[in-house]
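Colleague: Please take one part of this model and examine it closely for me. I should like to see how its strands and helices are arranged, and how that part sits within the whole chain.

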Amino acid sequence: MKFAQKLLLAAALSCSGSAVAETIGVSMAYFDQNFLTIIRQSIDKEAKARGLEVQFEDARGDVGRQTDQVQSFISAGVDAIIVDPVNSAGTPAITKLVQQANIPLVYVNRTPGDVKLPAGVVFVGSDEKESGKMQMEALAKLANYQGNVAIMIGNLTDAGAVQRTKDVEQVVAKYPKMKVVLKQTANYSRNEGMDLMLNWLTNGEQIDIVAANNDEMAIGAIMALQQAKKTDAKILVGGIDATPDGLKALASGKMQVTVFQDAVGQGKVSVDVAQRLIKGEKLEPYYWIPFELVTKENMQSYIDKQ
């Protein structure tokens with residue numbers, strides 16, 4: 001957090017009187033990722049609806065910056081902290097910092113790497129053991145349970161990406177006529193997904209299915225197929241998150257499957273949990289919001305949720 005911003009937040013918190021609203025500091029891994037933007041907007045909307053003050057910071061994918069932001073929130077005396085982790089490995093240090101300050105902490109979306117979450121620390125998100133399995137089972141069915149599978153991995157330091165990839169591999173292993181032939185990270189990025197797919201195509205890899213850990217990489221793969229004029233090759237593409245752009249790709253027939261992860265719900269529940277922790281309630285350490293399979297047949301109901 002910039003020094004001036006820190007001073008402003010500290011000044012706001014130092015105002016006397018019971019009229020001062022409870023304040024939540026929120027550190028997001030990225031401001032410019034579509035799915036995380038939806039979570040951030042949901043947190044902001046829910047906080048305002050509850051009369052809470054909210055201070056957002058962008059970690060820009062830097063664990064050190066995120067840790068500094070959390071430390072600044074602590075110094076400013078916020079009532080609770082919400083963190084969308086840059087990566088799972090960085091959360092134990094953040095947990096320790098916030099616990100020592102005796103401030104409620106809520107992790108949202110990306111599963112924390114802590115072996116056990118202590119009292120006063122809660123994770124709000126979706127069980128990643130479901131998403132990759134849903135995605136790959138649907139793609140396998142569309143492919144008549146045969147073909148070469150390429151996996152686009154989100155981020156190797158993200159427990160969610162690791163789990164989604166593992167789920168895809170386990171589904172593929174069930175079917176004798178299917179196999180994983182390529183597996184590489186594209187960091188949840190549309191541009192990196194496009195570059196990776198172009199590289200695979202240039203190398204002449206035989207690919208029948210692309211299972212991407214999120215919609216952004218899936219859209220990148222679609223863009224690469226269009227650029228390489230391979231749109232008639234009938235390569236099946238699946239994503240995860242059911243973002244607005246992902247649903248558009250699904251509606252156009254360029255993406256065959258995505259999995260709805262409730263970004264709005266995660267944002268709302270994280271604020272609810274933070275406020276309940278502020279009030280001293282003892283809560284379960286994990287709040288799970290289920291994944292849901294989205295296909296062209298049922299996608300309209302998900303468009304209506306946006």
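Modeller: The radius of gyration used here is taken over C-alpha atoms, and the globule rule sets it at 2.2 Å times the number of residues to the power 0.38. For the 306 residues of this predicted model, a compact globule would have a radius near 19 Å, and the protein chain agrees with this at 20 Å. Along the principal axes, its C-alpha atoms fill a box of roughly 65 × 35 × 35 Å. The chain contains 11 helices and 12 strands.

The part I have chosen is the open sheet of 4 strands, which are ordered β7-β6-β8-β9 and pair in parallel. Its edges are formed by β7 (178-185) and β9 (236-238), each of which pairs on one side only. From one strand to the next, the twist averages 20°. Towards one of these edges, β8 (residues 209-212) runs parallel to β9 and is joined to it by 3 bridges. Within that pairing, V210 has V237 of β9 as its bridge partner.

Helices lie across these strands. Helix α5 (residues 128-142) lies across β6 (147-153), β7, β8 and β9. Its direction is at about 170° to β8, and because angles over 145 degrees count as roughly antiparallel, α5 is roughly antiparallel to β8. Helix α7 (residues 190-202) lies across β6, β7 and β8, at about 145° to β6.

A further pair of helices follows in sequence. The axes of α8 (residues 215-227) and α9 (residues 244-251) approach within 9 Å and cross at roughly 40°; the two helices are therefore oblique to each other. The crossing of α8 past α9 is left-handed. On the α8 side, the contact involves D215, E216, I219 and I222, which meet D245, G246 and A249 of α9. These contact residues comprise 3 nonpolar, 1 polar and 3 charged.

For context, 6 strands form another open sheet, also with parallel pairing, in the order β2-β1-β3-β4-β5-β11. Here β2 (53-58) and β11 (286-288) are at the edges with a single partner strand each, so one side of each has no neighbour in the sheet. In this sheet, too, the twist averages 20° between successive strands. Strand β1 (residues 23-28) pairs with β2 over 6 parallel bridges, with G25 opposite Q55. Helix α2 (residues 34-49) packs on this sheet, where it touches β1, β2, β3 (80-83) and β4 (105-108) and makes about 160° with the direction of β2.

Conventions:
Residues numbered from 1 in each chain as written. Predicted model: local features only at pLDDT ≥ 70, side-chain atom pairs only at ≥ 80, totals over all residues. Heavy atoms only, no water. Pairing = 2+ DSSP bridges. Axes fitted to C-alpha atoms, helices over the stretch in contact; angles between N-to-C directions. Contact = heavy atoms within 4.5 Å. Parallel < 35°, antiparallel > 145°, perpendicular 65-115°, else oblique. Left-handed = near helix turned anticlockwise from the far one by under 90°. Nonpolar A, V, L, I, M, F, W, Y, C, P; charged D, E, K, R; others polar.
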